[in-house]
There are 2 protein chains.
Amino acid sequence: MIRDSRLSSVLHGLLHMIGAGEPVTSEQLAKAMATNPVVVRRVMAGLREQGIVRSEKGHGGGWTLARDTSTITLAEIYRALGAPTIVAMGHRSENPGCLVEQAVNDALGDTFREVEAIFMKRLGAVTLDTLARDFKRRLAKHRQTIEDQTHVAK
Amino acid sequence: MIRDSRLSSVLHGLLHMIGAGEPVTSEQLAKAMATNPVVVRRVMAGLREQGIVRSEKGHGGGWTLARDTSTITLAEIYRALGAPTIVAMGHRSENPGCLVEQAVNDALGDTFREVEAIFMKRLGAVTLDTLARDFKRRLAKHRQTIEDQTHVAK
DNA sequence: TATCATGTAACGTCATATGTTGCATGATTG
DNA sequence: CAATCATGCAACATATGACGTTACATGATA
């Protein structure tokens with residue numbers, strides 16, 4: 001099964017945009033996201049339509065966040081991507097006439113729906129700001145580690 | 001995203017096998033599962049390796065359940081299919097060096113794992129027997145409905 | 001021995017995420 | 001105004017994996 005990495009990818013890009021202070025070009029984002037500028041525009045286009053990011057053409061143009069990071073949840077970003085499939089399994093057919101089909105669909109369908117609901121709830125509970133803070137913590141810890149190693153090296 | 005319907009499909013086939021009393025051929029299963037005999041063999045092969053079903057060649061051959069239906073969970077069947085992807089999303093790369101990547105992977109990865117654990121727990125709580133009973137209930141209710149309609153028609 | 005059924009390889013088909021090229025459009029700079 | 005930079009977008013290529021199909025081998029039964 002091919003896994004959709006757009007959500008992971010776009011979050012990576014957005015984190016790079018936070019704190020940049022100036023518009024980030026698709027070219028720069030492409031490097032950070034290890035992909036192609038056109039792919040970046042394609043993915044970001046969805047976020048722009050939802051008012052999550054803005055794009056500017058010409059000199060000094062590029063992508064900027066349109067709102068405060070604390071108001072942007074991962075769920076909203078996920079939906080802006082077109083709400084791709086979460087559960088990679090489904091039914092062969094929607095044949096309500098077959099009782100066997102009904103029994104199977106009920107057993108699996110309930111589970112699929114529950115899992116998707118939990119997923120969305122989790123995404124809705126995390127904002128871009130949360131992610132950014134987490135990143136800063138890691139950065140600080142990383143720097144501390146480097147410093148410690150430097151002291152040891154002395 | 002292409003949804004994997006093997007689990008749904010194979011459950012459909014297994015329900016048809018229950019109560020058949022005699023081996024069911026791939027040909028017959030293919031009709032019930034709305035697919036091809038070769039596909040049936042391909043999918044059932046995994047279940048056979050796990051000792052869930054048996055296959056017999058020649059006249060009067062076909063597929064039979066190898067164990068009591070109350071000992072077969074949907075989780076086991078799922079694993080016998082090769083444990084296909086549950087969550088249709090993933091990370092672009094596993095680059096532990098990038099701190100941004102780490103922050104994103106942690107936020108999404110935890111959710112992915114939690115969702116998959118819930119999914120497996122749910123599948124583990126349902127046996128083939130449970131499904132079969134559910135089907136019989138539906139069948140009885142269906143017959144009752146038909147009978148009621150017949151009385152009304154009188 | 002003929003027939004029936006599975007076992008399996010080797011294809012083809014289709015959907016979708018992703019990669020790539022090319023060109024149009026609009027904004028900025030000189 | 002012209003050159004440059006950046007996005008916007010169509011069009012096509014590529015890769016992957018589920019699913020479909022054909023062909024032939026193997027083994028069991030009548």
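**DNA strand C and the salt bridges**

Trainee: How far is a phosphate oxygen of DNA strand C from an N or O atom in the side chain of B:Arg41?

Mentor: This is a predicted model in which local features need pLDDT of at least 70 and side-chain atom pairs count only at pLDDT 80 or more, while totals for chains, interfaces and linings use all residues, and side-chain values use heavy atoms, with hydrogens and water left out. Residues are numbered from 1 along each chain as its sequence is written, and chains are lettered from A and ligands numbered from 1 in the order in which they are written. Between the phosphate oxygen of DNA strand C and the N or O atom in the side chain of B:Arg41, the distance is 3.2 Å.

Trainee: Which element gives the largest share of the surface near DNA strand C?

Mentor: A phosphate oxygen of the strand also lies 2.6 Å from an N or O atom in the side chain of A:Thr35, and one lies 2.2 Å from such an atom of B:Arg48. Two or more residues each come from helix 3 (37-49) of chain A and from helix 3 (37-49), strand 1 (53-56) and strand 2 (62-65) of chain B, where helices (H or I, at least four residues) and strands (E, at least two) are DSSP runs numbered from the N terminus. The largest share, four residues, belongs to helix 3 of chain B.

Trainee: What percentage of the atoms of DNA strand C that come within 4 Å of the protein do sugar and phosphate account for?

Mentor: Near here means that a heavy atom of the residue lies within 4 Å of the strand, and 27 residues surround DNA strand C, A:Ser5 and B:Ser26 being among the closest. Of the strand's atoms that come within 4 Å of the protein, the share accounted for by sugar and phosphate is 64%.

Trainee: Which side chain joins that of A:Ser26 in a polar contact of 2.9 Å?

Mentor: A:Ser26 lies in helix 2 (residues 26-32) of chain A, and at a relative accessible area of 6% A:Ser26 is buried (under 20% is buried, over 50% exposed, and partly exposed in between, with a 1.4 Å probe and protein chains only). Its side chain makes a polar contact of 3.4 Å with that of A:Arg41, a polar contact being a pair of N or O atoms within 3.5 Å, where within protein one must be able to donate a hydrogen and the other to accept it, and residues adjacent in sequence count only if both atoms are side-chain atoms. The side chain at 2.9 Å is that of A:Trp63.

Trainee: Which residue of chain A meets B:Glu116 in a salt bridge?

Mentor: A salt bridge requires a side-chain nitrogen of Lys or Arg within 4 Å of a carboxyl oxygen of Asp or Glu, and the N to O distance here is 3.5 Å. B:Glu116 lies in helix 5 (residues 99-124) of chain B and its partner in the segment before helix 1 (6-17) of chain A, so the pair joins two chains. B:Glu116 is partly exposed at 24% relative accessibility, and the partner is A:Arg3.

Trainee: Is A:Arg138, the salt-bridge partner of B:Asp106, buried or exposed?

Mentor: The N to O distance between the side chains of A:Arg138 and B:Asp106 is 2.9 Å, and the pair crosses between chains, from helix 6 (residues 128-153) of chain A to helix 5 of chain B. B:Asp106 counts as partly exposed at 37% relative accessibility. With a relative accessible area of 18%, A:Arg138 is buried.
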